[in-house]
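Work through the exercises below with the sequence and the model at hand. Each task is followed by a solution in steps.

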Amino acid sequence: MFVLTLALLAIFASVANAHFRLLYPPPRGDFVDDQEPNFCGGYNNAANRTTFPLSGGFFSIKTGHPSWTAGVLISTAENPDTFDDFKASGQDELALNYFKGPEPGAGTFCIPLDIAAANITDAVDGANVTIQIVVQATDGNLYQCADLTLVKDLKIDSNVSCVNETSATTSNSTNSTGSSHSGAVVGLSASQMPALLSAAMALFGVAFALL
Ligand SMILES: [Cu+2]
């Protein structure tokens, strides 16, 4: 029973840490893990609009994935509800080009976001826009949206945390290659089940040692 409890704890801990969260600016709604592969993380309507600097802003994410690439789409529609709303002339409108995250990359990151520098038509002082953060990891594209009103010369409140903090504690110390991405915090996609199983097996080992 004790062993079973530990295994279940391992599974719940993994679920809680899967994917990524948008910490700032606030997303459209509460994080729903299994909705994150969908448009705006499952939220089709603008909500929680935040005043945001036209230039010199940042966003903050917390990710459970040790290896990832991210970019930021932008829409100047009032209530963007499809991926097409984040395109112009058939091309993605990017407020920030795709970039590779640091490795190991599980942790909290603060990423500069200068919307003025992206030169998006209509993304100007006073405009309502929506950014869609895209994180590409082992389980495909993941999405979170934040609805904004752009304000020239605005400074983000100093209470808003902007830190870079990797969580080395999530890496699997028994991983012999040292560079594999499968050893750390995992989701529950089929390709990641072996890592979850190995985490569960490690806990079984601890449980037997205690008996
Ligand atoms: Cu994930």
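Two strands pair if DSSP finds at least two bridges between them. Helices (H or I, at least four residues) and strands (E, at least two) are DSSP runs, numbered from the N terminus.

The model is predicted: local features need pLDDT of at least 70, side-chain atom pairs count only at pLDDT 80 or more, and totals for chains, interfaces and linings use all residues. Residues are numbered from 1 along each chain as its sequence is written, and side-chain values use heavy atoms, with hydrogens and water left out.

**Exercise 1. Strand order**

Determine the order of strands in the open sheet of four strands, and state which strands stand at the edges.

Solution. Step one: following the partners across the sheet gives β1-β3-β8-β11, with antiparallel pairing. Step two: β1 (20-24) and β11 (165-166) each have a single partner strand, so one side of each lacks a neighbour in the sheet and both stand at the edges.

**Exercise 2. One strand pair**

How many bridges join β3 to β8, and which residue in β8 stands opposite G57?

Solution. Step one: β3 covers residues 57-63 and β8 covers residues 107-113. Step two: the two strands run antiparallel and are joined by seven bridges. Step three: the residue opposite G57 is L113 in β8.

**Exercise 3. Disulfides**

Find the disulfides (pairs of cysteine sulfur atoms within 2.5 Å), and give the handedness of each.

Solution. Step one: searching the whole structure yields two disulfides. Step two: in the pair C40 and C145 the sulfur atoms are 1.9 Å apart. This pair links distant parts of the chain, with C40 in the loop between β1 and β2 (50-53) and C145 in strand β10 (residues 140-151), 105 residues apart. Its S-S torsion is about -70°, so the disulfide of C40 and C145 is left-handed.

Step three: in the pair C110 and C162 the sulfur atoms are 1.6 Å apart. Here too distant parts of the chain are linked: C110 lies in strand β8 and C162 in the loop between β10 and β11, 52 residues apart. The torsion about the S-S bond of C110 and C162 is about -60°, so this disulfide is left-handed. Step four: with the bonded cysteines numbered in sequence order, the pairing is 1-3, 2-4.

**Exercise 4. Accessibility of the cysteines**

Is each bonded cysteine buried, partly exposed or exposed? Buried means under 20% relative accessible area, exposed over 50%, and partly exposed in between (1.4 Å probe, protein chains only).

Solution. Step one: C40 has 2% relative accessibility and therefore counts as buried. Step two: C145, at 1%, counts as buried. Step three: C110 counts as buried at 13%, whereas C162, at 37%, counts as partly exposed.
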